[in-house]
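Hi everyone, thanks for making time this morning. I'd like to walk you through a structure, so please have a look at the screen and then follow along with me.

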Amino acid sequence: MEDIDATIVFVRTRGATVELAEKISARGYSCAAINGDMSQSQRERTIEQLKKGGIDILIATDVAARGLDVERISHVVNYDIPYDSETYIHRIGRTGRAGRKGSAVLFVTPREQRLLRTIERTTKKNITPIKLPTAKDVAERRVQRFKQEIATASERKPDPFFIELVAEICTEMGDSPENLAATLAWLLQKDRPLKPTPKKAARKPKSLKEKPDRAIKSARSSQTRQEHTRTSPGMESYRLEVGRNHQATPGDIVGAIANEAEMNSRHIGQIIINDDYSTVELPEGMPKEIFKLLQKVRVRNQPLKISRVKNETGAGTGYKSKRKPVKKRPKKRNPPNDT
């Protein structure tokens, strides 16, 4: 529905950049991802492609987009709402460069309304809700653009060669110029139909057992006692002081974090339930105020007392035991026998 030159789409995690870029590319758009896992040379090549028009849509994390300045970016899409207003301001500042106009689109779930209100208070602007366009709206918009393209092209005087070619085809086929024009119009738009065929609605699951939420499904498969040794890309591991002994379930933890942090459950990663504690993966860069809020949250009447997990090699890669290693005493050697 929008007249777009180039777009940058912001997500919270590195994994989401790759996943979203693959899905958009599969739909025929020139799209690429940039994230913290890429080398500086890879990042520079991708941005250069965006500048030159080789890429129209860029999926990025906030860290990867630092210093990004591309004049042709006409739209910024906040696929994941930022945790804080300052990040939002930095994001939308990527469009409207060099005196050009720009638009910013923000996706908000019902549980994220408080974050939206915080952004509006900081920017002192009301963000206007927009309705998701219907298939009919999209079709009408495509027809308008198609007519405009034809009108612009017809301003040039037609080449006599093509006039003769059309007359020759009509004679050979015994068809009218109108039918031939309709056939040519179909050929021109077949890769992006002016009348999109509506897809059948996906069958709704009969119960949560048939198709559970992704985060809960991942959690349920990890209820066996185990150590969390590696964190997913773009995520950090946290320890929660609630576990199997408190009758805590993955669903309890997902619900508590999602409600209090105003976070969509799809952003909550693997949950491992142990006897007296649990671990959970959450997106990198959690704001201090949300971290403090979660420390007071209760699950099964037990305070979470959330804390970041570290190991010997750094943050977010596993749980480091608080027990001190036991030092082995050197074995006593028998004194030499002089007799």
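Let's begin with confidence, since this is a predicted model. The average pLDDT over the protein is 79, and 81% of the residues score at least 70. Two stretches deserve a note of caution. In residues 205–229 the pLDDT is below 50, and this stretch has 43 contacts in the model beyond near neighbours in sequence. In residues 311–326 the pLDDT is again below 50, with 28 contacts of that kind in the model.

Now, on to the sheets. Toward the start of the chain, have a look at the open sheet of five strands, ordered S2-S3-S1-S4-S5, with parallel pairing. Which strands stand at its edges? They are S2, residues 31–34, and S5, residues 103–106; each has a single partner strand, so one side of each is left without a neighbour in the sheet. On average, neighbouring strands here are turned by 20 degrees against each other, ignoring direction. Packed on this sheet is helix H2, residues 40–52, which touches S1, S2, S3 and S4. The direction of H2 makes about 145 degrees with that of S2.

Let me zoom in on S1, which covers residues 6–10. How many of its residues are buried? Five of five, so this strand is mostly covered, given that buried means under 20% relative accessible area. That holds for both faces: Ala6, Ile8 and Phe10 are buried on one side, and Thr7 and Val9 are buried on the other.

S1 has parallel partners that we can follow residue by residue. With S4, residues 73–78, it pairs over five bridges, and there threonine 7 has histidine 75 as its bridge partner. With S3, residues 57–60, S1 pairs over four bridges. In S3, isoleucine 8 has leucine 58 as its bridge partner, while valine 9 stands opposite isoleucine 59.

Further along the chain there is another open sheet, this time of four strands in the order S7-S8-S6-S11, and the pairing is antiparallel. At the edges stand S7, residues 271–273, and S11, residues 307–308; each of them has a single partner strand, so one side of each has no neighbour in the sheet. S11 pairs with S6, residues 235–240, in the antiparallel sense over two bridges, and arginine 239 has serine 307 in S11 as its bridge partner. Helix H9, residues 250–260, lies across S6, S7 and S8, running at about 130 degrees to S7.

That brings us to the cores. The largest nonpolar core has 25 residues, and the members touching the most others are Ile257, Ile268, Val280, Leu282 and Leu294. Which elements each supply at least two residues of this core? They are S6, H9, S7, S8 and helix H10, residues 288–296. H9 gives the largest share, with five residues. As for leucine 294, once we set aside neighbours within four places in sequence, its contacts are Ile257, Glu260, Ala261, Met286, Leu304 and Ile306. There is also a second, separate core of 16 residues, with Ala6, Leu68, Ile73 and Val76 among them.

One last item for anyone thinking about cysteines. The disulfide count comes to zero. Cysteine 31 counts as buried at 15% relative accessibility, and cysteine 170 is buried too, with a relative accessible area of 11%.

Thanks for listening, and I'm happy to take questions.

Methods:
Residues numbered from 1 in each chain as written. Predicted model: local features only at pLDDT ≥ 70, side-chain atom pairs only at ≥ 80, totals over all residues. Heavy atoms only, no water. Buried < 20%, exposed > 50% of the residue type's maximum accessible area, 1.4 Å probe, protein only. Pairing = 2+ DSSP bridges. Contact = heavy atoms within 4.5 Å. Axes fitted to C-alpha atoms, helices over the stretch in contact; angles between N-to-C directions. Disulfide = S-S within 2.5 Å. pLDDT = per-residue confidence, 0-100. Core = buried A, V, L, I, M, F, W, Y, C linked by side-chain atoms within 4.5 Å.
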